[in-house]
Amino acid sequence: MEQEYGMIAIAGICLVVIFMGIMKQKARVAAVFFSRAAVGVVGISIVNKILESQGIAVAVGVNPVSALTIGSLGISGFALLYGIMLYRFL
């Protein structure tokens, strides 16, 4: 009887450790996503100001959709947004 309780306790501890590992992984993914989105929004603002000072009428809007695109795709999402705007400009 005591051996069964011991095995249940060990299994419970293992599940807790696995759950903690999963939560740590998800927190890391969320942190990377939000840091990419924040840096991307700042990058959009800077590039928009540079293009405006050069007289180029191409500007990507800062909104949740662009932040979601950059957060999930990274630098390629940033290039994608400006590529779409340049395509519309032509």
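**Notes on a three-helix model**

1. The protein has three helices and zero strands, where helices (H or I, at least four residues) and strands (E, at least two) are DSSP runs numbered from the N terminus. Along the sequence that reads α-α-α. Bear in mind that this is a predicted model: local features need pLDDT of at least 70, side-chain atom pairs count only at pLDDT 80 or more, and totals for chains, interfaces and linings use all residues. Residues are numbered from 1 along each chain as its sequence is written, and side-chain values use heavy atoms, with hydrogens and water left out.

2. On confidence: pLDDT is the predictor's confidence in each residue, from 0 to 100. Its mean over the protein is 86, with 98% of residues at 70 or more. Among the elements, α2 has the highest mean, 91, and α1 the lowest, 83.

3. Now the overall shape. The radius of gyration is 23 Å, while a compact globule of 90 residues would come in near 12 Å; the value is taken over C-alpha atoms, and the globule rule is 2.2 Å times the number of residues to the power 0.38. The C-alpha trace spans about 80 × 20 × 15 Å along its principal axes. For a feel of that, try Leu51 and Ile8: they sit 43 residues apart along the chain, and their C-alpha atoms are separated by 64 Å.

4. Surface and burial next. About 6900 Å² is exposed, and carbon and sulfur atoms supply 74% of it (Shrake-Rupley method with a 1.4 Å probe; for residues, only the protein chains shown count as cover). Buried residues make up 20% of the 90; buried means under 20% relative accessible area, exposed over 50%, and partly exposed in between (1.4 Å probe, protein chains only).

5. The largest nonpolar core has eight residues: Ile44, Leu51, Val58, Val60, Ile70, Phe78, Leu81 and Tyr82. Such a core is a set of buried Ala, Val, Leu, Ile, Met, Phe, Trp, Tyr and Cys residues joined through side-chain atoms within 4.5 Å. Helices α1 (2-53) and α3 (75-89) each supply at least two of its residues, and α3 gives the most, with three.

6. Two core members are worth a click. Leu51, in helix α1, counts as buried because its relative accessibility is 18%. Setting aside residues up to four places away in sequence, Leu51 touches Ile56, Val58 and Tyr82 (contact means heavy atoms within 4.5 Å). With that same exclusion, Leu81 touches Ile44, Val60, Ser66, Thr69 and Ile70.

7. Helix α2 (residues 64-73) has Ser66, Ala67, Thr69, Ile70 and Gly71 as its buried residues. At its N-terminal end Asn63 acts as the cap, with a side-chain oxygen 3.1 Å from the backbone nitrogen of Val65; that fits the polar-contact rule (a pair of N or O atoms within 3.5 Å; within protein, one must be able to donate a hydrogen and the other to accept it, and residues adjacent in sequence count only if both atoms are side-chain atoms). After α2 comes Gly74, with a positive phi near 80°.

8. Finally, two polar residues of α2. Ser66 is at 3% relative accessibility, so it counts as buried. Its side chain reaches the backbone oxygen of Gly61 at 3.1 Å. Thr69 is buried too, with a relative accessible area of 17%; leaving aside neighbours within four places in sequence, Thr69 is in contact with Gly74, Gly77, Leu80 and Leu81.
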